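Trainee: I have a model open and some questions about its packing, charges and cavities. Can we go through them?

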Amino acid sequence: MALARVARGGLRRSGGTIGRYTSERDIFCERVSDHKSFLPSIGKINADSNLTYLSTIKRVNHMSFWSREIRTTPHYQFPSAEQLVESQSEYAEPRYPGLEATKPGEKPRVVVLGTGWAACRFLKGINTKIYDVVCISPRNHMVFTPLLASTCVGTLEFRSVAEPVSQIQSALATNPNSYFYLASCKGVDTDKHEVYCETMSNGGLSHEPYQFKVAYDKLVIAAGAEPLTFGIKGVKENAYFLREVNHAQEIRKKLLLNLMLSENPGISDEEKKRLLHCVIIGGGPTGVEFSGELSDFIMRDVQERYSHAKDYIKVTLIEANEILSSFDVGLRLYATNHLTKSGVHLMRGVVKEVHPKKIVLSDGTDVPYGLLVWSTGVGPSQFVKSLNLPKSPGGRIGVDELLRVPSVEDVFALGDCAGFLEQTGKSVLPALAQVAERQGKYLVEVFNRIGKQDGGKAFSAKDISLGEPFVYTHLGSMASVGRYKALVDLRQSKDAKGISLAGFVSWFIWRSAYLTRVVSWRNRFYVAVNWATTLVFGRDNSRIG
């Protein structure tokens, strides 16, 4: 009867790993025919060294690491785990390295998934004297999304809109038991209070994919959302989205590349028009602001620096209904007139499919393009869809009035990935930065309150009052339309009455408001200097990379 050891240690707080490699001939590979979870059944060793197995965990749902009906080699999944094989009819599943559950006397651990508006506002206010904090996200910074469109044309530098998460919450870099992990969460076991993650190493580790687990006392899911494509063929392959800094970088590189390619000898007029046709799908604030930035770039910089291309470049904004539908009717009319005067062609239509060089509308119209930016709103991510948690209308994670996820203990959700359940009687809030930020501010007050009452540990907050329910009051909406003009709508809802402004004064309010909302003084300085530099010297048109 063969014996081996199962590695019980992992990446604990000391950072050490225990284990050795198990050769492939020592491991029995069995075909997995009913694969419901990437989590293995847990084996335990009895007195006569036989293995018995616990049932598969029920509440974990996720994007699987391995396809169904394939042979899996346990040491490839986790090479640092030693294993025991009793016979060819049984095999030991791998153990996951990571942070184990907190012990008595240690601070409770809060695990935060995401680095968006909601997550970073929560991280900024959490009391690290009460809690240890672990943040897990595929990016190590927060993006100031209202100014992201300005980076695409060189009005702002990319670093001006990116705030490192370690500067938002310094404990992630300085506290011995608080960490930031550059990884994606792939599954949650709400019974065991564990999350399962895969690192974003991009070939930097000797064994990949590298997966690990983190035990939590409290879990905050703020994983954000993904762009909506409505299942339209060709969108993901050919269009650019505008939600991350790397999206803005790719748009900028493509725009400048097309401008330079159009000046090469032998390029036909028809091909020049296609290369320099910038098409934006979606007439919401992001699409309108990007259209305004592009029109500014064309009117000032292209006219001066790309004189051979100035007569060919064109911007088209396609919207199925009306642009800025949540704004006041008068402001919508102002935006329509202003964009038209600025050279933006407004077009009403529905995209049927997207090809590499053209889009096809539902009425059969072909629209050739050189740059296609897709901005039609956001929806639940694949990770959110995969979780076996209650869902709100629209597919987000369902929460109650206190932002708790019902039916599971110690799990909260907020931001674009969360929505009120139908039984709460509240409508799902829009996916706005101000909604996410205020939810983060509310939840951190809840956590600090229960932490002071010794409710931070797992299963310990059942009898503690969490306070008043979350109430959202809309503060208004703003959007820039280019050429020193903007819209300010201070109504609390679409049908309510309130102050609405448009023009230069609104543009000054828009810039002042966002400058004060930038997270750090460092980035406020960057933004102010970038604006001044662009005003005096124009936009930078260097194509790097």
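Mentor: The questions below take the core, the salt bridges, the cavities and the backbone in turn; note that this is a predicted model.

Trainee: Which helix gives the most to the largest nonpolar core?

Mentor: The largest nonpolar core has 119 residues. Leu147, Val195 and Ile221 touch the most other members there. With eight residues, the element that gives the most to this core is helix 12.

Trainee: Which residues does Leu147 touch, not counting those up to four places away in sequence?

Mentor: Leu147 is among the core members that touch the most others. Leave out residues up to four places away in sequence. The contacts of Leu147 are then Leu156, Val161, Trp510, Tyr514, Val518, Val527 and Trp531.

Trainee: How many residues are in the second, separate core?

Mentor: This core is separate from the one with 119 residues. Its members include Ala239, Val367, Tyr369 and Trp374. The second core has 15 residues.

Trainee: How many residues apart in sequence are the parts that Asp410 and Lys218 tie together?

Mentor: The two side chains meet in a salt bridge, at 3.2 Å from N to O. Both Asp410 and Lys218 are buried. Asp410 lies in the loop between strand 21 and strand 22, and Lys218 lies in strand 11, so the pair ties together parts that are apart in sequence by 192 residues.

Trainee: Is Arg274 buried or exposed?

Mentor: Arg274 pairs with Glu271 in a salt bridge of 2.7 Å, N to O. Both lie in helix 8, three residues apart, about one turn of the helix. Glu271 has 27% relative accessibility and counts as partly exposed. Arg274 has 15%, and the cut-off is under 20%, so Arg274 counts as buried.

Trainee: What is the relative accessible area of Asp489?

Mentor: Asp489 and Arg491 meet through their side chains in a salt bridge, 3.0 Å from N to O. Arg491 is buried at 8% relative accessibility. Asp489 is buried too, with a relative accessible area of 3%.

Trainee: Which residues are linked in a network of salt bridges?

Mentor: Side chains of opposite charge can pair when their charged atoms come close. The structure holds 18 salt bridges. The linked residues are Glu293, Asp296, Asp301, Arg305 and Arg539.

Trainee: Which strand gives the most to the lining of the largest cavity?

Mentor: The structure holds five cavities of 30 Å³ or more. The largest has a volume of about 60 Å³. Strand 23 and helix 12 each supply at least two residues of its lining. With three residues, the top contributor is strand 23.

Trainee: How many charged residues are in the lining of the largest cavity?

Mentor: The lining includes Val399, Leu403, Gly415, Phe420 and Gln439. Arg396 is also one of the lining residues. By class there are eight nonpolar and three polar residues, and the charged count is one.

Trainee: Where does Asp454 lie?

Mentor: Asp454 is not a glycine, yet it has a positive phi of about 60°. Asp454 is exposed, with a relative accessible area of 68%. Its place is the loop between helix 12 and strand 24.

Trainee: Is Tyr484 buried or partly exposed?

Mentor: Tyr484 also has a positive phi of about 60°, although it is not a glycine. Tyr484 is found in the loop between strand 24 and strand 25. Its relative accessible area is 39%, between the 20% and 50% cut-offs, so Tyr484 is partly exposed.

Definitions and conventions:
Residues numbered from 1 in each chain as written. Predicted model: local features only at pLDDT ≥ 70, side-chain atom pairs only at ≥ 80, totals over all residues. Heavy atoms only, no water. Helix = DSSP H or I, 4+ residues; strand = E, 2+ residues; numbered from the N terminus. Buried < 20%, exposed > 50% of the residue type's maximum accessible area, 1.4 Å probe, protein only. Core = buried A, V, L, I, M, F, W, Y, C linked by side-chain atoms within 4.5 Å. Contact = heavy atoms within 4.5 Å. Salt bridge = Lys/Arg side-chain N within 4 Å of Asp/Glu carboxyl O. 1 Å grid on protein atoms, 1.4 Å probe; cavity = no way out; pocket = protein on both sides within 12 Å on 5 of 7 lines; lining within 4 Å. Points joined across faces, edges and corners; volume = space filled by probe spheres on them. Nonpolar A, V, L, I, M, F, W, Y, C, P; charged D, E, K, R; others polar.
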